[in-house]
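Please work through the following exercises with the sequence and coordinates at hand. Each task is followed by a solution in steps.

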Amino acid sequence: METTLILLKPDTVERSLVGQVISRLENKGLKINGLKMMQLDDAIIEEHYDFLMDKPFFPGIKAYMKRTPVVAIAVSGANAIATVRNLTGATNPSEALPGSIRGDFALTIDANIIHASDSAETAEKELKRFFNEGEVVEYTKVTDAVV
Ligand code: ATP
Ligand code: MG
């Protein structure tokens with residue numbers, strides 16, 4: 001069982017797509033273990049996207065990630081990390097396959113709806129970055145036995 005970190009980015013909140021994106025995660029059989037809305041500041045964005053800080057488009061990413069609150073979600077399930085990356089689709093929505101979240105809901109890389117951790121190591125770091133101790137909770141669902 002893996003747990004991964006998802007951010008529903010500002011455009012998802014602005015376009016009232018939060019429910020539709022969360023439904024896709026739930027429909028897949030993933031379990032929500034943590035969920036909260038957050039206004040990101042420079043420090044957390046610089047930490048989260050530190051590998052992009054030298055890129056010319058970094059100021060644009062920072063402005064985008066700050067302009068409206070995001071929704072942080074911790075989800076778990078078998079192979080959750082790779083599964084959520086597949087549901088998410090390619091970074092550039094113009095290349096994301098129809099049926100994927102970016103493929104169905106986004107047009108450009110500047111506003112691509114969702115972030116998902118890309119490895120077990122990243123997921124562990126990112127869950128700690130966005131959730132405090134006690135905010136990711138364990139529980140049993142009646143559907144646990146059938147997914
Ligand atoms: P994310 O980390 O947000 O889930 P990703 O893992 O698919 O996306 P990364 O390479 O980690 O892709 O890039 C992080 C984010 O930086 C992208 O989601 C996108 O918002 C932005 N980004 C990446 N490359 C570009 C680019 N060439 N132009 C503009 N924005 C970009
Ligand atoms: Mg990434």
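The exercises below treat the ligand site, backbone angles and contacts between separated residues.

The model is predicted, so local features need pLDDT of at least 70 and side-chain atom pairs count only at pLDDT 80 or more, while totals for chains, interfaces and linings use all residues. Residues are numbered from 1 along each chain as its sequence is written, chains are lettered from A and ligands numbered from 1 in the order in which they are written, and side-chain values use heavy atoms, with hydrogens and water left out.

**Exercise 1. The ligand site**

Task: Determine which residues come nearest to ligand 1 and which polar side-chain atoms lie by its oxygen atoms.

Solution.

Step 1. A residue is near a molecule if one of its heavy atoms lies within 4 Å of it. There are 13 residues around ligand 1, and Lys9, Tyr49, Arg85, Thr91 and Asn112 come nearest.

Step 2. Sort the shell by residue class, where Ala, Val, Leu, Ile, Met, Phe, Trp, Tyr, Cys and Pro count as nonpolar, Asp, Glu, Lys and Arg as charged, and the others, Gly among them, as polar. The shell around ligand 1 then has seven nonpolar, three polar and three charged residues.

Step 3. List polar contacts (pairs of N or O atoms within 3.5 Å; within protein, one must be able to donate a hydrogen and the other to accept it, and residues adjacent in sequence count only if both atoms are side-chain atoms). The side chain of Thr91 places an N or O atom 2.5 Å from an oxygen atom of ligand 1. For Lys9 the corresponding distance is 2.8 Å, and for His115 a polar side-chain atom lies 2.9 Å from a ligand oxygen.

Step 4. Evaluate the cover with accessible areas from the Shrake-Rupley method with a 1.4 Å probe. Ligand 1 taken alone exposes 580 Å², of which the protein buries 80%.

**Exercise 2. Positive phi angles**

Task: Establish where Asn79 lies, where Ile113 lies, and whether each is buried or exposed.

Solution.

Step 1. Most residues other than glycine have a negative phi. Asn79, not a glycine, has a positive phi of about 50°, and Ile113, also not a glycine, has one of about 75°.

Step 2. Assign secondary structure from DSSP runs numbered from the N terminus (helices: H or I, at least four residues; strands: E, at least two). Asn79 belongs to the loop between strand S3 (70-77) and helix H5 (80-88). Ile113 belongs to the loop between helix H6 (101-105) and strand S4 (114-116).

Step 3. Apply the accessibility classes: buried is under 20% relative accessible area, exposed over 50%, and partly exposed in between (1.4 Å probe, protein chains only). Asn79 is exposed because its relative accessible area is 52%, whereas Ile113 is buried at 0%.

**Exercise 3. Buried residues and their partners**

Task: For Leu8, Pro10, Leu17 and Pro93, find how far in space each C-alpha atom is from that of a partner separated in sequence.

Solution.

Step 1. Leu8 is in strand S1 (residues 2-8) and counts as buried because its relative accessibility is 0%. Its C-alpha is 5.5 Å from that of Val70, 62 residues away in sequence.

Step 2. Pro10 lies in helix H1 and is buried at 0%. The C-alpha atoms of Pro10 and Asn112 are separated by 9.4 Å, with their positions 102 residues apart along the chain.

Step 3. Leu17 sits in the loop between helix H1 (10-14) and helix H2 (18-28), buried at 7%. Phe105, 88 residues apart from Leu17 in sequence, is 8.5 Å away, C-alpha to C-alpha.

Step 4. Pro93, in the loop between H5 and H6, is buried at 6%. Its C-alpha is 5.4 Å from that of Gly103, 10 residues apart along the chain.

**Exercise 4. A side chain to backbone contact**

Task: Identify which backbone oxygen the side chain of Thr88 reaches.

Solution.

Step 1. Thr88 is in helix H5 and is buried, with a relative accessible area of 1%.

Step 2. The side chain of Thr88 reaches the backbone oxygen of Val84 at 2.7 Å.
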